[in-house]
Amino acid sequence: TGTFTYDPGFTSTASCESGLTYIDGDQGILLHRGYPISQLAEKSSFMEVSYLLLNGELPTQDELDTFTRTITRHTMLHEQLATFYRGFRRDAHPMAIMCGVIGALSAFYHDSTDISDPQQRMIASHRLIAKMPTIAAMAYKYSAGQPFVYPRNDLSYTANFLRMTFSVPAEEYEIDPVVEQAMDRIFILHADHEQNASTSTVRLAGSSGANPFACIAAGIACLWGPAHGGANEAALNMLHEIGTPDRIPEYIARAKDKDDPFRLMGFGHRVYKNYDPRAKVMQKTAAEVLKKLGVTDPVFDVARELEHIALNDEYFIEKKLYPNVDFYSGVVLSAIGFPTSMFTALFALARTVGWVAQWNEMISDPAQKIGRPRQLYTGPTQRDYVPVAKR
Ligand code: CMC
């Protein structure tokens with residue numbers, strides 16, 4: 001009964017009130033708690049942005065130190081979880097491992113599953129932010145056949161993650177400060193993005209009262225798809241497939257062909273009908289990292305040329321298709337040394353803070369209800385059952 005608005009893809013439905021992130025897609029503006037993403041990416045740190053998203057204000061030095069210490073204290077994983085990893089095949093996709101391991105945390109941290117207590121919700125949030133780098137690094141180590149590396153809590157959040165991923169026993173591992181800063185910036189650029197598909201998934205799962213680990217596992221599953229977080233992996237694969245700038249017109253023609261399902265990965269966005277402000281920072285970061293590491297990657301040239309051609313093409317102009325955050329992130333991540341299969345896992349690591357902040361905001365909202373969309377029924381009208389012998 002009642003009238004429903006049919007809105008496939010929720011293009012014009014606001015599902016909640018939120019004070020976290022503001023996007024003006026026409027102007028290409030993204031603000032977290034009012035602060036422009038370009039300022040946060042240039043001047044802040046991922047720990048500071050995490051505090052801002054969770055608590056609403058930038059921290060004082062004392063607050064930042066306490067927050068960082070709290071996160072640091074939770075970076076270890078229960079040792080039993082190492083056994084859990086060993087149940088996966090070595091060639092398992094890191095996102096498959098992430099979905100499984102994060103879901104399994106609910107079986108290890110029972111105290112954090114009481115969502116009625118704000119303090120427990122905050123502990124669960126800290127645990128998730130703190131353990132994500134350990135979990136992602138272990139997924140990488142497992143696929144590479146290398147021993148797991150335990151967290152070292154005297155390092156920064158990001159340096160610790162890089163060390164857990166790339167260091168091997170009995171060898172010195174030095175973290176290049178340019179790489180550390182680029183990685184931290186990539187985390188900031190992915191930290192939150194209002195009611196995208198995975199965040200909406202986390203909110204919907206959380207609206208039933210499910211525990212936070214189960215909710216974040218649901219978000220990770222949603223993020224995996226190539227139309228969402230999986231686009232960074234797909235974009236780099238596409239750039240490799242194109243290979244040289246002379247082949248770009250062929251791919252542009254395919255993207256424009258109505259009968260060809262091919263899309264330019266890393267291009268277009270549901271909300272941005274202008275340049276994604278994150279892509280601008282990412283392009284600059286890619287140039288810096290390649291220069292510092294002395295990497296000459298033909299894929300970066302293909303990306304820049306592809307962007308140039310697309311931005312001057314009528315089809316892309318008319319449909320307002322611009323590079324999104326995923327277009328250049330793959331170039332940076334592969335220069336740092338990550339295999340493409342890890343790209344979406346890194347997105348999940350960074351987005352965890354957005355997911356938990358949104359989840360906390362939802363649970364604290366007195367107007368919160370279980371999410372329960374309606375439908376337009378298109379099946380048969382009522383009819384009588386016919387026994388199998390008479391069909
Ligand atoms: N290449 C070619 N044509 C495109 C593209 C593209 N990348 N994106 C959209 N279009 C066309 C599409 O064919 C449609 O044309 P028409 O109106 O003639 O049917 C029109 O533009 C509108 O597209 P849509 O699919 O209705 O738009 P949407 O808002 O539902 O989809 C999107 C947004 C991001 C899923 C889509 O642009 C896309 O598939 N992009 C490639 C994947 C990608 O880069 N995803 C990452 C998004 S940003 C990071 C994140 O959120 O995870």
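Which of the 20 residues around the ligand come nearest? In this predicted model, the answer is Ala231, Arg263, Gly268, Arg270 and Asn324. Sorted by class, the shell around the ligand holds eight nonpolar residues, eight polar residues and four charged ones.

Confidence can be taken up next, as a helpful companion to the ligand site. The protein chain has an average pLDDT of 94, and 100% of its residues score at least 70. For the model, the ipTM is 0.96 and the pTM is 0.94.

Attention now turns to strands 1, 2 and 3, with strand 2 as a convenient starting point. Strand 2 spans residues 29-32. One face of strand 2, formed by Leu30 and His32, is covered, whereas the other, with Ile29 and Leu31, is uncovered. Strand 1, residues 21-24, pairs with strand 2 through four bridges in the antiparallel sense. Within this pairing, His32 of strand 2 has Thr21 opposite. The two strands make a hairpin, with four residues separating strand 1 from strand 2. In that turn, Gly28 shows a positive phi of about 70°.

Strand 2 also runs antiparallel to strand 3, residues 35-36, and two bridges join them. Here Tyr35 in strand 3 is the residue opposite His32. His32 is thus a handy landmark for the reader: this residue of the covered face stands opposite Thr21 and also opposite Tyr35. Strand 2 and strand 3 form a hairpin as well, with two residues between the strands, and in this hairpin Arg33 adopts a positive phi near 50°.

Technical notes
Residues are numbered from 1 along each chain as its sequence is written. This is a predicted model: local features need pLDDT of at least 70, side-chain atom pairs count only at pLDDT 80 or more; totals for chains, interfaces and linings use all residues. A residue is near a molecule or strand if its C-beta atom, placed from the backbone, lies within 6 Å of it. Ala, Val, Leu, Ile, Met, Phe, Trp, Tyr, Cys and Pro count as nonpolar, Asp, Glu, Lys and Arg as charged, and the others, Gly among them, as polar. A residue is buried if 20 or more other C-beta atoms lie within 10 Å of its own, exposed if 12 or fewer, and partly exposed in between; C-beta atoms are placed from the backbone. Two strands pair if DSSP finds at least two bridges between them. pLDDT is the predictor's confidence in each residue, from 0 to 100.
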